[in-house]
Amino acid sequence: MALSEAKGLKKTFGALIAVNNVDLTIEKGLIHSVIGPNGAGKTTLFNLLAGVIISTRGEIIFQGSDISSLKVHERCKED
């Protein structure tokens, strides 16, 4: 099972599409990177994954649970 996944992630700011239909799988124990030119949406993607901003569409799965609608403090809370 993947540690974390993003499925169909999209974020728009008005007419600007900052992140469009991103699918991402993060496996435990591996090193991952996100590359691209300035303005490609890298920071927006990380902010979506962290919960700083909420996606327009798509879902974020962490350890099998959908955390898409959780706020930052709820995503980092330990049970």
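In these legends, Ala, Val, Leu, Ile, Met, Phe, Trp, Tyr, Cys and Pro count as nonpolar. Asp, Glu, Lys and Arg count as charged, and the others, Gly among them, count as polar. The model shown is predicted.

**View 1. The largest pocket and its lining.** The largest pocket holds about 390 Å³ of space. Three elements each give two or more residues to its lining: helix H1 (42–50), strand S3 (57–62) and helix H2 (72–75). Which of these elements gives the most to the lining? Helix H2 does, with three residues. In total, 18 residues line the pocket. Nearest its centre lie Phe62, Gln63, Ile67, Arg75 and Cys76. Sorted by class, the lining has ten nonpolar, three polar and five charged residues. Rolling a probe the size of a water molecule over the atoms shows where empty space is left.

**View 2. The four-stranded sheet.** Four strands form an open sheet in the order S2-S1-S3-S4, with antiparallel pairing. Strands S2 and S4 stand at the edges, and each has a single partner strand, so one side of each is left without a neighbour in the sheet. Strands of a sheet pair through backbone hydrogen bonds, either parallel or antiparallel.

**View 3. Strands S1 and S2, joined by a hairpin.** Strand S2 covers residues 16–26. How many bridges join S1 to S2? There are seven, and the two strands run antiparallel. Two facing pairs can be picked out here. Glu5 stands opposite Thr25 in S2. Lys11 stands opposite Val19 in S2. The hairpin of S1 and S2 has two residues between the strands. There, Gly14 takes a positive phi near 65 degrees.

**View 4. Strand S1 against strand S3.** Strand S1 spans residues 4–13 and pairs with S3 in the antiparallel sense. Five bridges link these two strands. Find Ser4: its bridge partner in S3 is Phe62. Then find Lys7: its bridge partner in S3 is Glu59. Phe62 also appears in View 1, among the residues nearest the centre of the largest pocket.

**View 5. The hairpin of S3 and S4.** Strand S4 is made of residues 65–66 and pairs with S3 in the antiparallel sense. Two bridges join them. Ile61 stands opposite Asp66 in S4. Where does Gln63 lie? Gln63 lies in the loop between S3 and S4. This hairpin has two residues between its strands. Gln63 has a positive phi of about 50 degrees, although it is not a glycine. Gln63 is also one of the residues nearest the centre of the largest pocket.

**View 6. Two residues of strand S2, Val19 and Asn21.** Val19 lies in strand S2. Is Val19 buried or exposed? Its relative accessibility is 3%, so Val19 counts as buried; the cut-off for buried is under 20%. Val19 and Leu48 are 29 residues apart in sequence, yet 9.4 Å apart in space, C-alpha to C-alpha. Asn21 lies in strand S2 too. Asn21 counts as partly exposed because its relative accessibility is 47%. Its phi is near 55 degrees, a positive value in a residue other than glycine.

**View 7. A charge over a ring.** What sits over the ring of Phe13? The charged end of Lys11 does, 5.1 Å from the ring centre. Lys11 is the residue seen opposite Val19 in View 3. As for rings paired with rings, the structure holds zero aromatic pairs.

How values were computed. Residues numbered from 1 in each chain as written. Predicted model: local features only at pLDDT ≥ 70, side-chain atom pairs only at ≥ 80, totals over all residues. Heavy atoms only, no water. Phe/Tyr/Trp six-rings, centres within 6.5 Å; stacked < 30°, edge-to-face > 60°. Lys NZ or Arg CZ within 6 Å of the ring centre and 35° of its normal. 1 Å grid on protein atoms, 1.4 Å probe; cavity = no way out; pocket = protein on both sides within 12 Å on 5 of 7 lines; lining within 4 Å. Points joined across faces, edges and corners; volume = space filled by probe spheres on them. Pairing = 2+ DSSP bridges. Buried < 20%, exposed > 50% of the residue type's maximum accessible area, 1.4 Å probe, protein only.
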